[in-house]
Amino acid sequence: MSRLNTRVLLKSRPTGMPRVSDFEIVQSPLAAPGPGEVLARTIYLSLDPYMRGRMNEGRSYAKPADLGQVMVGGTVSEIVESNHPGFARGDFVVGYDGWQSSAVSTGAGMRKLDPRQAPISTALGVLGMPGMTAYVGLLDIGQPRAGETVVVSAAAGAVGSAVGQIAKIKGCRVVGVAGGQAKCDHVVRDLGFDAGVSYRTDDLFGALRAACPQGIDVYFENVGGVVLDAVLRLINQGARIPLCGLISQYNATETTPGPNIRPLLFNRALIKGFIVSDHMDRAADFLRDCGQWVRDGRLKYREDIVNGLEHGPAAFIGLFDGRNLGKLLVQVGPDPTRD
Ligand SMILES: NC(=O)c1ccc[n+]([C@@H]2O[C@H](COP(=O)([O-])OP(=O)(O)OC[C@H]3O[C@@H](n4cnc5c(N)ncnc54)[C@H](OP(=O)(O)O)[C@@H]3O)[C@@H](O)[C@H]2O)c1
């Protein structure tokens with residue numbers, strides 16, 4: 001293994017859309033693990049929309065990434081040296097080592113993976129944080145009942161694709177909203193949604209109304225803006241809206257006008273923001289149910305894998321242009337379970 005560590009640092013805090021120049025790629029000597037520590041080689045790095053918030057200075061639900069430090073991020077790695085009783089050389093783990101090719105850590109927060117149960121990369125996607133977000137947000141807040149209509153935005157992405165399929169498993173009619181016909185076709189043809197609606201249209205409300213003839217009972221919100229506005233005009237009495245993300249606003253430099261929320265009032269609807277890390281009590285249920293559904297082929301997933309850590313910044317920026325289809329990952333090093 002190379003004794004050099006490639007690291008991607010946060011160089012500047014962006015205004016608006018991040019740029020590749022907001023990141024800096026450096027190489028530094030690899031440290032040896034001390035007593036009780038492990039050295040892990042990164043195989044996959046997860047790229048996620050929340051990282052945009054970490055690039056900002058301001059108040060959020062988590063502390064900002066530090067300038068000049070390695071960008072934060074979830075990783076799947078192989079242990080290459082261990083002075084820790086809980087981990088051995090050759091173990092595969094999911095952890096939070098950030099945008100770097102190797103990391104020395106205490107192993108805190110790391111979980112061992114069994115490659116015979118599922119491909120190790122899924123621990124960052126359908127069987128990881130995005131999958132768990134879909135599971136808790138939809139089932140605990142959305143509380144879908146068989147026969148109801150569930151709409152999900154960013155439908156072809158990591159969270160949205162799982163939301164729609166779990167809603168199908170629960171017997172709902174499922175409509176996905178995504179950017180463009182190809183993604184809409186994908187969610188219907190490959191993932192079994194009942195309909196796909198592109199928000200890149202002149203008449204989003206009309207298209208959504210046609211796809212939801214019985215109105216909308218659950219809206220899993222990932223994007224905000226015009227999609228939320230159109231959905232609210234179609235919600236049924238007692239509708240539930242898990243507010244998971246607002247990606248259309250993450251790069252906004254000015255406050256955007258909010259949607260008309262009057263329909264929430266007269267439909268006695270619930271909208272509830274949630275952050276997946278507050279729901280770790282559901283992790284075992286999530287892994288049991290979604291693990292089984294993935295093995296049964298009822299919960300499909302697509303990974304969009306970019307090769308090479310040096311391409312991480314550009315790939316990350318692509319999340320805000322909808323360039324990814326499915327879970328966006330960077331392959332940082334070889335995956336011996338797959339290659
Ligand atoms: N609350 C939580 O704990 C939690 C946890 C994980 C994720 N999230 C949120 O869940 C959402 C989805 O995350 P993900 O990891 O699954 O990402 P993703 O959906 O795999 O990728 C992001 C997608 O968002 C869409 N998008 C980007 N800019 C947009 C815009 N201006 N308007 C509408 N759509 C836009 C793009 O798809 P299109 O081509 O369809 O536009 C893009 O592919 C994000 O809002 C994220 O912040 C929240």
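This section describes a parallel sheet, the helices packed on and around it, and the salt bridges of a predicted model.

The sheet is open and consists of 6 strands, arranged in the order β10-β9-β8-β11-β12-β13 with parallel pairing. Its edges are formed by β10 (195-198) and β13 (270-273); each has a single partner strand, so one side of each is left without a neighbour in the sheet. On average, and with direction ignored, neighbouring strands of this sheet are turned by 15° against each other. Within the sheet, strand β8 (residues 149-153) is paired in the parallel sense with strand β11 (residues 216-220), over 3 bridges. In this part of the sheet Val152 stands opposite Phe220 in β11.

Two helices lie across strands of this sheet. Helix α4 (residues 181-189) lies across β9 (173-178) and β10 and runs at about 165° to β10. Helix α6 (residues 225-232) lies across β8, β9, β11 and β12 (235-243), and its direction is at about 165° to β11.

Helix α6 also packs with helix α5 (residues 204-211), at an angle of about 50° and with the axes 9 Å apart. The two helices α5 and α6 are therefore oblique to each other, and α5 passes α6 in a right-handed crossing. On the α5 side, Leu204, Phe205 and Leu208 take part, and they meet Val226, Val227, Ala230 and Val231 in α6. By class, this contact of α5 with α6 has 7 nonpolar residues, with no polar and no charged residues.

Helix α2 (residues 129-142) was examined against two other helices, α3 and α8. The axes of α2 and helix α3 (residues 158-169) come within 8 Å and cross at roughly 45°. This angle makes α2 oblique to α3. The crossing in which α2 passes α3 is right-handed. From α2, the contact is made by Pro130, Thr133, Ala134, Tyr135, Leu138 and Leu139, and from α3 by Ala158, Val159, Ala162, Val163, Ile166 and Ala167. Sorted by class, the contact of α2 with α3 has 11 nonpolar residues, 1 polar residue and no charged residues.

For α2 and helix α8 (residues 283-295), the axes come within 10 Å and cross at roughly 105°. Helices α2 and α8 are therefore roughly perpendicular to each other. In this contact, Gly131, Met132 and Tyr135 of α2 meet Ala283, Asp285, Phe286, Arg288, Asp289, Cys290 and Trp293 of α8. The contact of α2 with α8 has, by class, 6 nonpolar, 1 polar and 3 charged residues. Tyr135 of α2 is listed in the contact with α3 and also in the contact with α8.

Salt bridges were searched for in the whole structure, and 17 were found. One pair is formed by Asp48 and Lys327, whose closest N and O atoms are 3.0 Å apart. Asp48 is located in the loop between β3 (38-46) and α1 (50-54), whereas Lys327 belongs to strand β15 (residues 327-331), so the pair ties together parts that are 279 residues apart in sequence.

Methods: Residues numbered from 1 in each chain as written. Predicted model: local features only at pLDDT ≥ 70, side-chain atom pairs only at ≥ 80, totals over all residues. Heavy atoms only, no water. Pairing = 2+ DSSP bridges. Helix = DSSP H or I, 4+ residues; strand = E, 2+ residues; numbered from the N terminus. Axes fitted to C-alpha atoms, helices over the stretch in contact; angles between N-to-C directions. Contact = heavy atoms within 4.5 Å. Parallel < 35°, antiparallel > 145°, perpendicular 65-115°, else oblique. Left-handed = near helix turned anticlockwise from the far one by under 90°. Nonpolar A, V, L, I, M, F, W, Y, C, P; charged D, E, K, R; others polar. Salt bridge = Lys/Arg side-chain N within 4 Å of Asp/Glu carboxyl O.
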